[in-house]
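Colleague: Please pick a single part of this model and go through it closely. I would like the overall chain first as background, and then the detail.

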Amino acid sequence: MTPSQESLSAGSLPDHTPRPPQMRYCKRCTYPERAVFLTLGDDGVCSGCRVNSEKPKIDWEERGEMLREILEEFRSRDGSNYDCMIPVSGGKDSYFQTHVIKNVYKMNPLLVTYHGNNYMPEGMRNLINMRKVFGVDHIFFTPSIQALVKLNVAGFKLHGDMNWHAHCGIATYPVQAAVKQKVPLMIWGEHGPTHLGGQHSLKDLIEKNARSRLEHSQHGLDWKDFVGVEGLTKQEMLWAMYPPDDEIEKVGVRQIFLGNYVYWDENIHGEAMVKDFGFEKSEQPFERTYRRFSNLDDMHENGIHDYMKYIKFGYGRATDHTSKDIRAGHMTREQGVEIVRRMDSVKPRDLSRWLDYVHMSEEEFDRIADGFRDKRVWWRENGKWVKDNIWDAAERV
Ligand SMILES: [Zn+2]
């Protein structure tokens, strides 16, 4: 624990703290330089925008052929097993992945879902509907409610992230299932660090593995870090254990990202999934993003979970979504900045439901949350937390 966290947990916040250096923002999208996986170049353009500008230069027909070759290599010759596995949450990307693999490439996939207990009704209907509209088999897995409640609290206290269990479950349980079912090829959707943050080039054809699971999906934490926290036991986290190397190698597990082989524009394929397969958007608008077709697999994902990202790093999902939509040409940067101004700082109403779920008071929530504020982003002024904002930067230009 750092000295500043100690003083915060004691409940004695100073009125003033040192102001960090001026925050810089990408001049094309809405990301601050502190955004996860991203670097800002001397030209003021972020690595995510730079990698995104590679997209039109990629020969997507050639990539489609590369995908076909991989799929043919893994297709079950005698039909005695599934051809591949698709980890799905039931979101628009899950629909698109399944559509491409089943309908375009005529593979027989097995769908696998880690269910974290907090689906929105629309998200649950979308998930259940998949085996009907695509004609595929589907495994659902969900940990015990008791374990999930403890994991919500433990994730929040250890890492400021109540949904850590979901990041781990999504990245781990399907790999366990691939090993058990002896289905080596796994098809993921978009590679976030490449597409959002530009951590890799699209030419790198990144694949998922044990290291990226731990470093990217699970932010460096594994199940062992949670045993003993909030009374969690090893037996409650069997689903969170990544298979050992020899088992992975025996089956020959390979985890590719469809976004490396198919042109990815989620607005276009999201609308197509609504029209062609009855995908449902959220009936109600969200408070922290204008999109209604993202993250319906957890009612807190666009709410209090995302608010914690804002508390930690100073930006939220409105920044993610506007940056994606600006890059894809669906809105201007000025429109994006206005949305960020309106939505990024909102403390959402689903907080009260989450506090009931885990039996915590709002005071305790705020005290713990404040301990995770990045001192390179936030400082205290006259007894309040403040930070540089993108609209201030825009007005300076
Ligand atoms: Zn950018």
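Modeller: Contacts in the protein chain are mostly long-range: among those between residues at least 6 apart in sequence, 74% join residues at least 24 apart. Bear in mind that this is a predicted model. The protein chain has 17 helices and 8 strands. Its radius of gyration is 21 Å, close to the 21 Å that the globule rule gives for 397 residues, so the chain is as compact as a globular protein of that length. The C-alpha trace spans about 70 × 50 × 40 Å along its principal axes. Of the 397 residues, 57% count as buried. The chain exposes about 17800 Å², and carbon and sulfur atoms supply 50% of that area.

The part I would look at closely is helix 13, which covers residues 317-327. Of its 11 residues, 11 are buried, so helix 13 is largely enclosed by the rest of the structure. The cut-off for buried is under 20% relative accessible area. The buried residues in helix 13 include the charged-type names you might check in the viewer: Arg-317, Asp-320, Lys-324, Asp-325 and Arg-327. Also buried in this helix are Ala-318, Thr-319, His-321, Thr-322, Ser-323 and Ile-326.

What lies over these residues? The cover includes helix 2, helix 8 (192-195), helix 11 (266-277), helix 12 (304-313) and helix 14 (333-343). After helix 13 comes Gly-329, which has a positive phi, near 85°.

One of the covering elements, helix 2, leads to the metal site. The zinc ion is coordinated by the SG atoms of Cys-26, Cys-29, Cys-46 and Cys-49, at 2.2 to 2.4 Å. Angles among the 4 donor atoms run from 105 to 112°, and the site is tetrahedral. For comparison, the ideal angle for four tetrahedral donors is 109.5 degrees. Along the chain, the donors of the zinc ion follow the spacing C-x2-C-x16-C-x2-C. Within this set, the pair Cys-26 and Cys-46 links distant parts of the chain, 20 residues apart. Both of these residues sit in the loop between helix 1 (3-9) and helix 2 (47-52). Cys-26 counts as buried because its relative accessibility is 0%. Cys-46 likewise counts as buried, at 0% relative accessibility.

To sum up the part in question, helix 13 is largely enclosed, and helix 2 is among the elements that cover its buried residues.

How values were computed: Residues numbered from 1 in each chain as written. Predicted model: local features only at pLDDT ≥ 70, side-chain atom pairs only at ≥ 80, totals over all residues. Heavy atoms only, no water. Donors = N, O, S within 2.8 Å, 3.2 Å for Na, K, Ca; no water. Tetrahedral: all angles 85-135°; square planar, octahedral: opposite > 155°, others 65-115°. Helix = DSSP H or I, 4+ residues; strand = E, 2+ residues; numbered from the N terminus. Buried < 20%, exposed > 50% of the residue type's maximum accessible area, 1.4 Å probe, protein only. Contact = heavy atoms within 4.5 Å. Rg over C-alpha atoms; globule rule 2.2 N^0.38 Å. Areas by Shrake-Rupley, 256 points an atom, 1.4 Å probe, with all protein chains shown as cover.
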